[in-house]
Amino acid sequence: MKKIIAAAVASAFIAPAFAADITISGDQEFSYQDNNGASTAALDGDFNVKASTETATGLSVSADINVAEDAANDGSASLTISGPFGKIDAGDTSSALDAIDDGTDWGYVLTNGTPNNDAAILWTLPSTVDGLTLNLSMGAETNYDTGVSEGNGYSAKYSVGDLTVGYGVQDNKDDTEMSYVTASYSMAGIGISAEQYSSQPATGNDTDTDSIGVTYSMGDLTLAAESQQVSSAGTTSADTLVLGLHYSLGGGVTAFIENSDDAKSSTAETTAVGVAMSF
């Protein structure tokens, strides 16, 4: 009898896990980097556990857990609820700006992307116009992740054919503000993206980060470039060009070589050679 009761109690805890669909995905990348003669071997990877279920009222709910290769938190853990109201992602999630950025960030190691922050809650509104996505986000004073900005953001992204445009604004409690605009176009294996991220402090001059990315795919081979300039008050502090060659070996494995050089720094040139696997 005791064994039967113990089995029944154990089943009560195990059964909910069986009610959800669970998937595991991830990636691992190794690179050997040379920075003006100083060499570095780097490993970067994570795996993602995602459980999805549906409530009795028809809401779709999923839990996301991301763990780095060293068993540390890899960020972006969240609880997502979807329904007629759209989708709400809560935890360590993208801000409204972060949800539409990084169109130029094609690299594994050396590309820069855009420095938009995360949020505590991201609400993607229900679609009312084909191709239009609207996002609202919020960060609290104390958040799951310390990189979250305390404030509110909104963004819109519209896609028609091969063209996508987007715009967003983040207003923070400390009187700082970020704005972001993007446009991208793809055709016949060629992709072109342009982004401008502007950070406005409570006092002083704005800082603009202007990025352009170009990719060309030809079968398993992809050639790419990213140019980025950071400037404030008419002075450019960084002028970076990243070139890359990626070759797909099949089975989720890619060999790559990337090179980055900053025209504003005589010691910033870096070359990375490596292999990445996604599953």
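In the second largest pocket, the largest share of the lining comes from strand E5, which contributes five residues. This pocket belongs to a predicted model, and about 160 Å³ of space lies within it. Its lining comprises 15 residues, of which Lys-50, Asp-64, Ser-78, Thr-80 and Asp-89 lie nearest the centre. Strand E5 spans residues 86-94, and together with strand E3 (60-68) and strand E4 (78-83) it belongs to the strands that each supply at least two residues of this lining. By residue class, the lining of the second largest pocket divides into one nonpolar, eight polar and six charged residues.

The largest pocket has a volume of about 510 Å³. Of the 16 residues that line it, Asp-27, Asp-44, Asp-74, Ser-76 and Asp-105 are the closest to its centre. Here at least two lining residues are supplied by each of strand E1 (21-35) and strand E16 (270-278), and E16 gives the most, with three residues. The lining of the largest pocket contains three nonpolar, six polar and seven charged residues.

Both pockets are set in a protein chain that holds one helix and 16 strands. Along the principal axes, the C-alpha trace of this chain spans about 75 × 45 × 40 Å. The protein chain has 279 residues, of which 30% are buried, and its exposed surface amounts to about 15500 Å², with carbon and sulfur atoms supplying 59% of that area. Among contacts between residues at least 6 apart in sequence, 41% join residues that are at least 24 apart.

One aromatic pair is present in the structure. The ring centres of Tyr-108 and Phe-256 lie 4.9 Å apart and the ring planes meet at 25°, so the pair is stacked, given that planes under 30 degrees apart are assigned to this class. The pair links distant parts of the chain, since Tyr-108 lies in the loop between E5 and strand E6 (118-124) whereas Phe-256 lies in strand E15 (residues 253-262), with their positions 148 residues apart in the numbering. The two partners also fall into separate accessibility classes: Tyr-108, at 32% relative accessibility, counts as partly exposed, while Phe-256, at 3% relative accessibility, counts as buried, because the buried class is defined by a relative accessible area under 20% and the exposed class by one over 50%.

Technical notes:
Residues are numbered from 1 along each chain as its sequence is written. This is a predicted model: local features need pLDDT of at least 70, side-chain atom pairs count only at pLDDT 80 or more; totals for chains, interfaces and linings use all residues. Side-chain values use heavy atoms; hydrogens and water are left out. On a 1 Å grid over the protein atoms alone, a cavity is a set of points where a 1.4 Å probe fits but cannot get out, and a pocket is an open set with protein on both sides within 12 Å along at least five of seven lines; lining residues have an atom within 4 Å of a point. Grid points are joined across faces, edges and corners, and a volume is the space filled by probe spheres set on the points. Helices (H or I, at least four residues) and strands (E, at least two) are DSSP runs, numbered from the N terminus. Ala, Val, Leu, Ile, Met, Phe, Trp, Tyr, Cys and Pro count as nonpolar, Asp, Glu, Lys and Arg as charged, and the others, Gly among them, as polar. Rings of Phe, Tyr and Trp (its six-membered ring) pair if their centres lie within 6.5 Å; planes under 30 degrees apart count as stacked, over 60 as edge-to-face and the rest as tilted. Buried means under 20% relative accessible area, exposed over 50%, partly exposed in between (1.4 Å probe, protein chains only). Contact means heavy atoms within 4.5 Å. Accessible areas come from the Shrake-Rupley method with a 1.4 Å probe; for residues, only the protein chains shown count as cover.
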